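Reader: Could you walk me through a few of the terms people use for a structure like this?

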Amino acid sequence: MTTQFAPQKFKPYTRQSIRQARQWQWLPPDQQEAVQVVSHVMPFRTNEYVLENLIDWRNVPDDPIYRLVFPHRDMLPVDEYRQLRDLVMVKQDDAAIAALVHKIRMRMNPHPAGQMTHNVPRVNDHVLKGLQHKYKETVLFFPSAGQTCHAYCTFCFRWPQFVGMEDMKFDARETTELVSYLKSHEEVTDVLITGGDPMIMNTRSLAEFIEPLLAPEMAHIQNIRIGTKSVAYWPQRFVTDKDADDLLRLFEKVVASGKNLAIMGHYNHAVELRQDIAQAAVKRIVGTGATLRMQGPLIRHINEDPHSWAELWRTGVRLGAIPYYMFVERDTGPSEYFQLPLARAHEIFQQAYQMVSGLARTVRGPSMSAFPGKVAIDGVVTINGEKLFALQFLQARNPDWVRKPFFAKYDPEATWLDHLKPAFGKEKFFFEEGDDAQPVPQARKVIPITRARDGASSNAA
């Protein structure tokens with residue numbers, strides 16, 4: 001543990017406790033009301049570090065981090081907000097609130113891009129609830145103890161994980177099913193441990209999920225990734241937490257085993273990396289031999305300024321991190337509030353890209369994580385007098401689609417792949433035609449699934 005920073009106790013705030021934060025009194029009544037009403041639909045959780053260090057309260061409600069973590073009334077249509085406000089603030093009818101909230105959530109496309117229908121693997125007709133396998137090389141693993149975060153982003157596409165929608169959660173209480181599945185799928189080279197945020201777990205619990213992946217029979221697993229927002233919302237996890245040094249030793253153990261450990265750091269704004277402790281966290285992570293890759297979505301109200309992106313990437317590179325992805329905000333949750341036209345997204349990316357040196361141009365985007373795969377907007381071009389979007393797959397359900405360029409009619413209002421129409425008079429995009437439109441089926445392998453004995457647990461709280 002570094003002695004440069006004083007240890008700080010993690011203190012979260014939710015709808016039930018936010019009134020205890022001194023900053024709550026700084027909000028006008030209409031904003032306090034919006035938090036109390038909208039947080040019945042969308043998850044709300046922040047912490048003292050975010051409140052004290054990342055939000056400029058002189059600029060509220062327009063401060064980007066405030067909009068990132070606090071719910072706003074414009075996240076719901078006017079009629080829905082009025083109905084919900086009446087139930088929450090006046091009638092206080094819990095049953096009616098629950099019914100309306102469920103109705104609103106279900107219209108918000110809670111699991112986009114085939115997460116529930118096409119990404120969940122099966123073994124012997126048994127659903128492996130805590131796994132996703134969309135791309136051939138990569139399996140996502142959702143440890144149950146990592147299904148929360150140090151603070152919630154209002155745009156988060158995994159919001160169903162946090163709001164009690166149990167039939168839509170991905171969570172695994174142990175690694176036995178993951179290990180068994182990986183043993184029979186040697187084409188998998190990467191395991192992404194995600195959530196929620198795995199870094200909410202203590203080091204001992206995290207090690208119980210990671211160490212089985214270091215066994216000799218897991219030699220085909222070359223890369224272990226950990227998706228986390230803690231680098232921005234709670235960098236103390238890597239610097240001053242009581243087991244921060246143990247965490248770094250775990251990182252070193254993974255690297256010493258011959259595997260690459262990639263910390264997939266979620267950053268949304270340059271202010272998140274301006275803090276001294278956030279920069280110290282980056283240096284400590286990369287000092288273990290792990291890599292830190294920076295990614296985040298482009299979001300209206302939050303990070304439309306290309307200068308912020310350029311500052312974020314430049315600072316990251318200086319500290320040893322790798323700019324990785326600028327995503328397009330997914331079509332889920334309050335997407336109408338956050339989404340930007342694809343044309344505007346490309347413009348912002350291009351402007352930011354022009355401001356950085358080649359070392360930061362490892363970043364890719366703007367990229368849509370759509371049903372068929374990750375689709376990047378490469379540019380706006382004119383061919384035979386027709387204005388078009390130039391697109392390509394960076395990753396795809398069918399590997400043959402990767403790096404295959406294609407074109408769509410230019411639409412200044414389109415915000416997602418589904419809104420685009422093929423160029424050159426075609427009725428369908430190539431990936432919508434014939435047998436290629438279907439994802440590559442997984443082999444129906446019969447493999448044993450070893451379960452923990454009754455009373456035993458492979459996951460410490």
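Author: Here come some short questions and answers on two helices and two loop residues. This is a predicted model, where local features need pLDDT of at least 70 and side-chain atom pairs count only at pLDDT 80 or more, while totals for chains, interfaces and linings use all residues. Residues are numbered from 1 along each chain as its sequence is written, and side-chain values use heavy atoms, with hydrogens and water left out.

Reader: Why is α11 called oblique to α13?

Author: The axes of α11 (residues 306-319) and α13 (residues 342-354) come within 8 Å and cross at roughly 45 degrees. Angles under 35 degrees count as roughly parallel, over 145 as roughly antiparallel, 65 to 115 as roughly perpendicular and the rest as oblique, so α11 is oblique to α13.

Reader: What makes up the contact of α11 with α13?

Author: On the α11 side you'll find Pro306, Trp309, Ala310 and Trp313, and they meet Ile348, Phe349, Gln351, Ala352 and Tyr353 in α13 (contact means heavy atoms within 4.5 Å). Those residues split into 8 nonpolar, 1 polar and no charged.

Reader: How do you know whether Glu272 is buried or exposed?

Author: Buried means under 20% relative accessible area, exposed over 50%, partly exposed in between (1.4 Å probe, protein chains only). Glu272 has 0%, so Glu272 is buried. Glu272 sits in the loop between β9 (260-266) and α10 (276-287).

Reader: And what about Pro143, buried or exposed?

Author: Pro143 comes out at a relative accessible area of 0%, so Pro143 is buried. You'll find Pro143 in the loop between β6 (138-141) and α6 (176-183).

Key
Axes are lines fitted to C-alpha atoms, for helices over the stretch in contact, and angles run from 0 to 180 degrees between N-to-C directions. Helices (H or I, at least four residues) and strands (E, at least two) are DSSP runs, numbered from the N terminus. Ala, Val, Leu, Ile, Met, Phe, Trp, Tyr, Cys and Pro count as nonpolar, Asp, Glu, Lys and Arg as charged, and the others, Gly among them, as polar.
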